[in-house]
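Reader: I'm new to reading protein models. Could you walk me through this one?

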Amino acid sequence: MKKEKTERLIAQNKKAYHEYFIEETFQAGISLSGTEVKSMRAGRCNLKESFVRIEGNSAFIEGMHVSPYAHGNIHNLDPVRKRRLLLHRKEINQLRAAASMEGYTIVPVKIYFSRCYVKLDIALAKGKKLYDKREAIAKKTQDRDIQRAFAGRN
């Protein structure tokens with residue numbers, strides 16, 4: 001019997017899609033403590049101001065806020081501490097080379113449970129200019145108007 005692939009979304013960084021052109025995504029594990037995992041099961045995580053930094057042969061996510069677990073007491077850690085990402089060396093080298101090019105950065109896109117593991121999707125992204133953002137908003141409203149027009153006819 002084949003096991004189903006179950007994914008449960010914890011948090012998503014919608015602002016990343018507005019601020020950047022997403023070019024390539026990678027799946028990474030995260031090194032967490034037990035109370036952080038329990039807090040994430042309750043959905044108490046925020047990716048809005050987070051970013052990925054590569055130091056040496058390791059990748060770290062900084063600025064990700066995981067609220068302290070209510071029953072954690074002394075076992076709770078700093079909510080915005082630097083957390084290590086679990087990636088293959090080849091992926092880290094690829095990200096380092098791409099991020100060193102001008103205009104590119106590495107941003108977290110979403111965090112979710114894959115079976116019992118916490119996974120993070122990180123993306124190699126290129127920053128949008130102001131006119132690109134305006135263009136995207138105009139296209140989105142135009143698509144919404146078209147959908148309303150079709151829904152009104154049925």
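Reader: Is S58 buried or exposed?
Author: This is a predicted model, so keep in mind that every value here is computed from it. S58 lies in strand β5. Its relative accessibility is 14%, and the cut-off for buried is under 20%, so S58 counts as buried.

Reader: Which side chain does the side chain of S58 make a polar contact with?
Author: Skipping neighbours within four places in sequence, S58 is in contact with R53, R84 and I92. One of these also makes a polar contact with S58, side chain to side chain, at 3.4 Å. That partner is R84.

Reader: Okay, on to the nonpolar core. Which element gives the most to the largest one?
Author: The largest nonpolar core has 25 residues, and I10, M40 and M64 are among those with the most contacts inside it. Elements supplying at least two residues each include β1, β2, β5, α3, β8 and β9. The top giver, with 4 residues, is β9.

Reader: How many residues does the other core have?
Author: It lies apart from the largest one. Among its members are A16, V107, A123 and A125. The count for this core is 5 residues.

Reader: What about rings: which residue lies over the face of F60?
Author: Aromatic pairs come to 0 here, but charges over rings do turn up. K110 has its charged end over the ring of Y112, 5.2 Å from the centre. For F60, the distance to the ring centre is 4.8 Å, and the residue is K82.

How values were computed:
Residues numbered from 1 in each chain as written. Predicted model: local features only at pLDDT ≥ 70, side-chain atom pairs only at ≥ 80, totals over all residues. Heavy atoms only, no water. Core = buried A, V, L, I, M, F, W, Y, C linked by side-chain atoms within 4.5 Å. Buried < 20%, exposed > 50% of the residue type's maximum accessible area, 1.4 Å probe, protein only. Polar contact = N/O pair within 3.5 Å; in protein donor to acceptor, adjacent residues only side chain to side chain. Contact = heavy atoms within 4.5 Å. Phe/Tyr/Trp six-rings, centres within 6.5 Å; stacked < 30°, edge-to-face > 60°. Lys NZ or Arg CZ within 6 Å of the ring centre and 35° of its normal.
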